[in-house]
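Trainee: Please choose one part of this model and take me through it closely. I would like the cut-offs along with the description.

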Amino acid sequence: MTKKPRRATYRHGNLKAAALKAAFALVAKAGHEQLSLREVADAVGVAHRSLYNHFEDREALLDAVATDAYTRLAAQLVKAQTRKTTPRNTCVSRSPTAQSMR
């Protein structure tokens with residue numbers, strides 16, 4: 001009997017990416033303490049056991065969410081620095097208080 005190769009996607013698309021997106025939204029809404037694999041699975045429309053094909057446990061999912069968030073933040077900081085400005089100046093210059101202090 002030959003073993004079937006694992007698929008990179010699930011029938012609705014990329015489950016790992018969908019789960020990360022849903023988990024990020026749920027953490028933003030209610031905090032990481034409230035996040036459960038069942039809640040994420042419900043949000044993407046799969047059985048909670050399906051998420052174990054991509055994440056060892058809840059903590060692994062939270063680690064992936066944090067890693068993704070830090071990666072996005074790093075990209076934004078690099079983008080800000082390429083504009084010949086520092087990230088602090090970018091943040092401060094958009095502040096109404098900073099504008100009035102000039």
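Mentor: Start with burial: buried means under 20% relative accessible area, exposed means over 50%, and partly exposed lies in between (1.4 Å probe, protein chains only). The model is predicted: local features need pLDDT of at least 70, side-chain atom pairs count only at pLDDT 80 or more, and totals for chains, interfaces and linings use all residues. Residues are numbered from 1 along each chain as its sequence is written, and side-chain values use heavy atoms, without hydrogens or water.

First, the setting. The chain has five helices and zero strands, where helices (H or I, at least four residues) and strands (E, at least two) are DSSP runs numbered from the N terminus. In sequence order the pattern is α-α-α-α-α. The chain holds 102 residues, and 23% of them count as buried.

The part I choose is helix α2, which covers residues 37-44. Begin with its inner side. Leu37, Val40, Ala41 and Val44 of α2 are buried. Viewed down the axis of α2, these buried residues fall within an arc of 100 degrees (taken from the directions from the helix axis to the C-beta atoms), so they line one face of the helix. What does this buried set pack against? The buried residues of α2 pack against α1, residues 15-30, and against α3, residues 58-81.

Now turn the helix over. Arg38, Asp42 and Ala43 are exposed. They sit on the face of α2 turned away from its buried side. After the helix comes Gly45. Its phi is positive, near 80 degrees.

Take Val44 next. Val44 belongs to helix α2. Its relative accessibility is 16%, so Val44 counts as buried. Its C-alpha lies 6.5 Å from that of Ala19, although the two residues are 25 apart in sequence.

A second pair involves the exposed face. Ala43, one of the exposed residues of α2, has its C-alpha 9.0 Å from that of Ala18. Along the chain, Ala43 and Ala18 are 25 residues apart. Ala18 itself is in helix α1. With a relative accessible area of 24%, Ala18 is partly exposed.

Which residue of the loop after α2 deserves a look? Leu51 is in the loop between α2 and α3. Leu51 is buried, and its relative accessible area is 0%. What does Leu51 touch? With neighbours within four places in sequence left aside, Leu51 is in contact (heavy atoms within 4.5 Å) with Leu15, Ala19, Leu37, Val40 and Ala41. Leu37, Val40 and Ala41 are among the buried residues of α2. So is Val44, which pairs in space with Ala19 at 6.5 Å, C-alpha to C-alpha. Ala19 is thus a name to mark in both accounts: it is a partner of Val44 in that distance and one of the contacts of Leu51.

Leu51 also reaches back along the chain. Lys16 is 35 residues from Leu51 in sequence. In space, their C-alpha atoms are 7.6 Å apart.

Close with the whole chain. Among contacts between residues at least 6 apart in sequence, 47% join residues at least 24 apart. To recap the chosen part: α2 has a buried side that packs against α1 and α3, an opposite face with Arg38, Asp42 and Ala43, and Gly45 following it. In the loop between α2 and α3, Leu51 touches Leu37, Val40 and Ala41, among others.
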